[in-house]
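Here is a quick tour for anyone about to load this one into a viewer. We'll look at aromatic contacts, pockets and a couple of helices.

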Amino acid sequence: MLNVENLSTHFFTKRGIVRAVDGVSFSLSRGEVLGLVGESGSGKSITGYSLMGLVDSPGKIVDGSITFDGQELRSLDARGWRAIRGKKIAMIFQDPMATLNPVLRVDTQMIEAVLAHDAVPKAQARDRAREALSLVGIASPDARLESYPHQFSGGMRQRVAIAIALLHKPALIIADEPTTALDVTIQGQILAEMQKLCAKTGTALLWITHDLSVVAGLADRIAVMYAGRIVEQGATDQILAAPAHPYTVGLLDSIPSRNVRGQPLRQIPGAAPTPAETTAGCAFAPRCSQKKSTQCTQSAPQVSMHEGRALRCFVPWVHHA
C-alpha cells in the first residue's frame with residue numbers, strides 16, 4: 001500500500017544543509033503496524049511529516065519516491081494533498097492540542113473534519129463522530145461531544161485526537177509519539193486499542209517512537225533509525241530477540257529490566273550527531289564498540305540483507321548461545 005524509496009528531506013539553512021532524512025526506504029501493507037524507532041533527532045518525525053507533505057521551508061524533499069496505493073505523492077499539488085490528508089492518510093501528533101482547537105466544542109471540530117471530505121447531512125456527520133469516540137473507548141460519547149478540550153484529561157484529549165484520525169477510516173495512520181506524555185496505564189490502554197482498531201478496520205499504522213518497549217507488543221515490524229537513516233529493519237520478534245546492529249543492541253540494553261535488577265543500565269557512549277554533521281564513514285562509528293577503524297570510519301555502509309532483515313552495518317553484532 002505504501003512504498004517509500006530513498007526518501008531524502010533536507011533543510012537549507014544559513015549554516016549549511018541539514019540532512020534530516022537521508023535515503024530512507026520501507027514499505028507498509030494493509031493492516032500492518034511498523035514501528036519507527038530512534039533517539040530524538042534521528043529523523044523519525046521528519047519522515048512522518050514528509051509522508052504527509054507537511055515539510056515547510058527551509059525544508060524540502062530533495063530525492064526519493066513516496067507511492068501510496070499506486071499514486072506518487074511527491075507529484076501532488078495543494079489540492080491533491082487536501083483530498084488525501086485526513087481521508088486516506090491521517091496523522092496523530094504527540095501533543096493532542098496540535099489537533100484540537102481549545103475554543104471549539106469537540107462535536108464542532110469532528111463534524112467539520114467529516115464535512116471537509118464528505119458531503120453528508122450534519123446529523124450523519126455527528127453520528128460518525130459519536131461512533132469514533134466509542135471506538136477509542138470514550139464513555140458517554142454524546143455528552144463528551146458537547147465538551148471543550150480543556151474539560152478532558154491529557155489521555156482523553158489524545159483519544160479524541162485518535163478518534164478524529166479515524167473518522168474517515170483512513171488506509172494509513174501516522175502516529176508521532178502520541179503516548180509519550182501520558183502515564184503508563186493510559187499509554188497501555190491506547191496501545192491496546194490501536195492494535196485492535198488496526199486489526200478490525202485494516203488500517204495500516206506507522207508508529208513513531210523513541211522507546212523500543214512501546215512497539216514490542218504493537219508492531220509487526222520494526223525499523224531502527226539513526227542520523228537520518230534506517231540502520232536495521234525486520235520482524236519485531238527477530239529484532240528484539242537477536243538485534244544485529246550495534247545501535248539496536250544499545251537501545252535494548254538501555255531499557256530497564258528485572259533481569260538486571262540492582263545493576264546500572266548499560267549506556268551508549270557519546271551522543272548522536274546533529275543532522276548538520278557529515279561524516280565520511282558510518283554515523284554510528286564514534287559510539288560503536290564493534291567498529292573496525294578504517295572500514296567503519298572511511299566509508300558508509302550500504303543496506304544489505306542479514307539473517308532475514310535489512311541491515312546497514314559492516315560488523316553485525318554476533319549473539320553467542
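## A buried aromatic pair

Let's begin with Phe284, which counts as buried at 4% relative accessibility. Keep in mind that this is a predicted model. Its ring partner is Tyr247, and that residue is buried too, with a relative accessible area of 0%. The two ring centres sit 5.4 Å apart with the planes at 65°, so Tyr247 and Phe284 make an edge-to-face pair; the cut-off for that label is over 60 degrees.

Where do the two partners sit? Tyr247 belongs to helix α10 (residues 246-253), while Phe284 is in the loop between α10 and α11 (293-298), so the contact ties together parts that are 37 residues apart in sequence. Tyr226 joins in as well: Tyr226, Tyr247 and Phe284 make up one aromatic cluster.

## A tilted pair at partial exposure

The count of aromatic pairs comes to four. One of them joins Tyr49 and Phe93: with 6.3 Å between the ring centres and 35° between the planes, the pair is tilted. Tyr49 is in helix α1 (residues 44-52) and Phe93 is in the loop between β6 and α3, so this pair links parts that are 44 residues apart in sequence.

Buried or partly exposed, what are these two rings' residues? Tyr49 has 24% relative accessibility and counts as partly exposed. Phe93, at 22%, is also partly exposed. The cut-off for buried is under 20%, so neither residue gets that label.

## The largest pocket

If you're hunting for open space, the largest pocket has a volume of about 660 Å³. It is lined by 24 residues, and the closest to its centre are Arg85, Gly86, Thr99, Ala113 and Ile164. Three elements give two or more residues to this lining: β6 (89-92), α3 (106-115) and α6 (154-166). The largest share, four residues, is from β6.

What is the chemical make-up of the lining of the largest pocket? It splits into 15 nonpolar, six polar and three charged residues.

## The second largest pocket

Next comes the second largest pocket, with a volume of about 320 Å³. Its lining has 19 residues, and Asp22, Ala227, Arg229, Thr279 and Ala283 lie nearest the centre. Both β2 (16-28) and β10 (229-235) supply at least two residues of that lining. By class, you get ten nonpolar, four polar and five charged residues there.

## Two helices, two burial patterns

Helix α6 turned up in the lining of the largest pocket, and α6 is mostly covered, with eleven of its 13 residues buried. Among them are Met156, Arg159, Ile162 and Ile164; Ile164 is also one of the residues closest to the centre of the largest pocket. As for length, the 13 residues of α6 should span 18 Å at 1.5 Å a residue, and the end C-alpha atoms are 19 Å apart, which agrees.

Helix α4 (residues 122-135) has 14 residues and reaches 20 Å from first C-alpha to last, close to the 20 Å expected. Which residues of α4 are buried? They are Ala125, Arg128, Ala129, Ala132 and Leu133. These residues cover an arc of only 140° around the axis, which puts them on the same side of α4. The spacing rule behind that is familiar: an α-helix has 3.6 residues a turn, so residues three or four places apart point the same way.

Terms used. Residues numbered from 1 in each chain as written. Predicted model: local features only at pLDDT ≥ 70, side-chain atom pairs only at ≥ 80, totals over all residues. Heavy atoms only, no water. 1 Å grid on protein atoms, 1.4 Å probe; cavity = no way out; pocket = protein on both sides within 12 Å on 5 of 7 lines; lining within 4 Å. Points joined across faces, edges and corners; volume = space filled by probe spheres on them. Nonpolar A, V, L, I, M, F, W, Y, C, P; charged D, E, K, R; others polar. Phe/Tyr/Trp six-rings, centres within 6.5 Å; stacked < 30°, edge-to-face > 60°. Buried < 20%, exposed > 50% of the residue type's maximum accessible area, 1.4 Å probe, protein only. Expected span 1.5 Å × (residues − 1). Arc of directions from axis to C-beta.
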